[in-house]
Amino acid sequence: MSLNPRLVKESFALVEPVAPKAAAYFYGRLFSANPHLRAMFPPAMDMQRDRLFNALTRIVWMLDSPGGLSSYLAQLGRDHRKYGVIAEHYTAVGTALLATIRHFAAEVWTDEIEAAWVAAYGMASEMMVEAASADAGQAPPWWLAEVIDHEVRSRDIAVVTVRPSQRMDYTPGQYVTVQTARWPRVWRTFSIANAPRDDNTLRFHVRAVPGGWVSSTLVRHTRIGDQVLLGPPVGTMVPVDSGRDMLCVAGGTGLAPLKAIVEHVIASGRRPNIHLLHGARFARELYDMPDLARMESGFPWLRVLPVVSDEPAFDGMRGALPDVTERFHSWAEHEVYVCGPASMVSRTVQRLQASGVPPCRIHRDTVQGEP
Ligand SMILES: Cc1cc2nc3c(=O)[nH]c(=O)nc-3n(C[C@H](O)[C@H](O)[C@H](O)COP(=O)(O)OP(=O)(O)OC[C@H]3O[C@@H](n4cnc5c(N)ncnc54)[C@H](O)[C@@H]3O)c2cc1C
């Protein structure tokens, strides 16, 4: 059976506009045929549904780019080990997925489209299973970690330091999923805010979102000595050793992975000029200035620029990050890293590209929604 990305994409285009309905239908089919699988999922399924569709959309649109697709699926396969997923679960998921696409794309459905989906799902699940079994001999499915420091930095933001009981190897810029004892089986993604350390500790910058399950727990109900679970490190916004100067544009807790990248570059002994712009709406949300000032004083090639958008009296650089990047000389020769809320990231990237930075030198991630 051969892959036919066009048929998969065309039929998926009918499902995308009704994604919430389709996700509810999918889980209904999955759990009615396999009730024992329900216990693997969190009590509230809303975020889970979004996550399913985000992942599915990404896979469908990447079917034409085998390189990116295989590394994404390998990460997804390794990450799914923490749920206790085994090879036979993929068959159950595949059956429910096919039934869902067939139901919502009924008006165009043909045997050819069905064959295209069977081939695409077969290929994707095989890559995930292979990556998971290759990882099984090398790393645990999840890490138990103890909270060893907890600093409340503003009304909504805390910096949380944990020490996993086993070494976790990762690349600066990557993120992990975190589960707290308060919300079993609820995993949320947080960027690691430091380069790897000898003592194996990891730091997270967490902003409590209103009504947020895991973020509020980490900011308001977590103490030194508490335990959390961590999923394996994933993410592709990692440092590129090109020898170029660097621009890092961070919105809110998007600072976390960029700080890890800057720490890594400083530790590597390289001496590029680095501009690090950290943006927030109000000055009180610039939660890491003392630490950033320390980094700046220890590395003369680093320039940290706080940027505030909604406080006219702020005695520093004012404005939205995408606009502020245009106030400097050209960044066209720089390696650029951008991280923050999705809208800030996409507007910043658009501006930088319009001003001549080639897309291949722009590395981006968001700290909003799901991977
Ligand atoms: C790659 C990646 C890296 C991330 N890194 C970080 C990080 O370093 N620090 C950090 O604080 N967060 C980070 N996030 C966001 C984090 O994963 C959670 O989405 C966020 O903490 C909310 O989870 P929750 O369980 O508290 O809220 P939920 O219980 O999932 O949601 C509660 C309510 O808040 C809304 N909501 C969810 N997320 C957000 C948001 N980001 N902003 C506003 N409203 C929201 C939901 O729609 C819902 O209405 C990252 C996300 C991604 C995808």
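**View A. Helix α2 packs against helix α5 in this predicted model.** Here residues 19–33 form α2 and residues 87–104 form α5, and the two helices meet at an angle of about 140° with their axes 9 Å apart. Angles over 145 degrees would count as roughly antiparallel, so this pair is described as oblique. As α2 passes α5, the crossing is right-handed. On the α2 side, look for Ala 22, Tyr 25, Phe 26, Arg 29, Leu 30 and Ala 33. Their partners on α5 are Ala 92, Val 93, Ala 96, Leu 97, Ala 99, Thr 100, His 103 and Phe 104. Sorted by class, this contact holds eleven nonpolar residues, two polar ones and one charged one.

**View B. Helix α2 also packs against helix α3.** The partner this time is α3, residues 46–62, which α2 meets at an angle of about 105°, with the axes 9 Å apart. That angle makes the two helices roughly perpendicular. From α2 come Ala 19, Pro 20, Ala 23, Ala 24, Phe 26 and Tyr 27, while α3 offers Arg 49, Leu 52 and Phe 53. Eight of the contact residues are nonpolar and one is charged, with no polar residue among them. If Phe 26 of α2 looks familiar, it is listed in the contact with α5 and in the contact with α3.

**View C. Helix α4 crosses helix α6.** Follow α4 along residues 66–79 and α6 along residues 111–136: they pack at an angle of about 55°, and their axes lie 7 Å apart. The two helices are therefore oblique to each other, and the crossing is right-handed. Ser 70, Leu 73, Ala 74, Leu 76, Gly 77 and Arg 78 make the contact from α4. Facing them from α6 are Ala 124, Met 127, Met 128, Val 129, Ala 131, Ala 132 and Asp 135. The tally by class is nine nonpolar, two polar and two charged residues.

**View D. A shell of 26 residues surrounds the ligand.** The closest are Gly 212, Trp 213, Val 214, Ser 215 and Thr 253. Four elements each supply at least two residues of this shell: β4 (188–191), β5 (202–207), α7 (213–220) and β12 (362–366). By class, the shell has eleven nonpolar, eleven polar and four charged residues.

**View E. The ligand lies between domain 2 and domain 3.** Three domains divide the protein: domain 1 spans 5–136, domain 2 spans 143–230 and domain 3 spans 246–366. Which domains give residues to the shell around the ligand? Both domain 2 and domain 3 do, so the ligand is found between them. As for domain 1, its centre and that of domain 2 are 28 Å apart, taken over C-alpha atoms.

Technical notes
Residues are numbered from 1 along each chain as its sequence is written. This is a predicted model: local features need pLDDT of at least 70, side-chain atom pairs count only at pLDDT 80 or more; totals for chains, interfaces and linings use all residues. Axes are lines fitted to C-alpha atoms, for helices over the stretch in contact, and angles run from 0 to 180 degrees between N-to-C directions. Angles under 35 degrees count as roughly parallel, over 145 as roughly antiparallel, 65 to 115 as roughly perpendicular and the rest as oblique. A crossing is left-handed if the near helix is turned anticlockwise from the far one by less than a right angle, and right-handed if clockwise. Two residues are in contact if their C-beta atoms, placed from the backbone, lie within 7 Å. Ala, Val, Leu, Ile, Met, Phe, Trp, Tyr, Cys and Pro count as nonpolar, Asp, Glu, Lys and Arg as charged, and the others, Gly among them, as polar. A residue is near a molecule or strand if its C-beta atom, placed from the backbone, lies within 6 Å of it. Domain bounds come from an automatic or database domain assignment.
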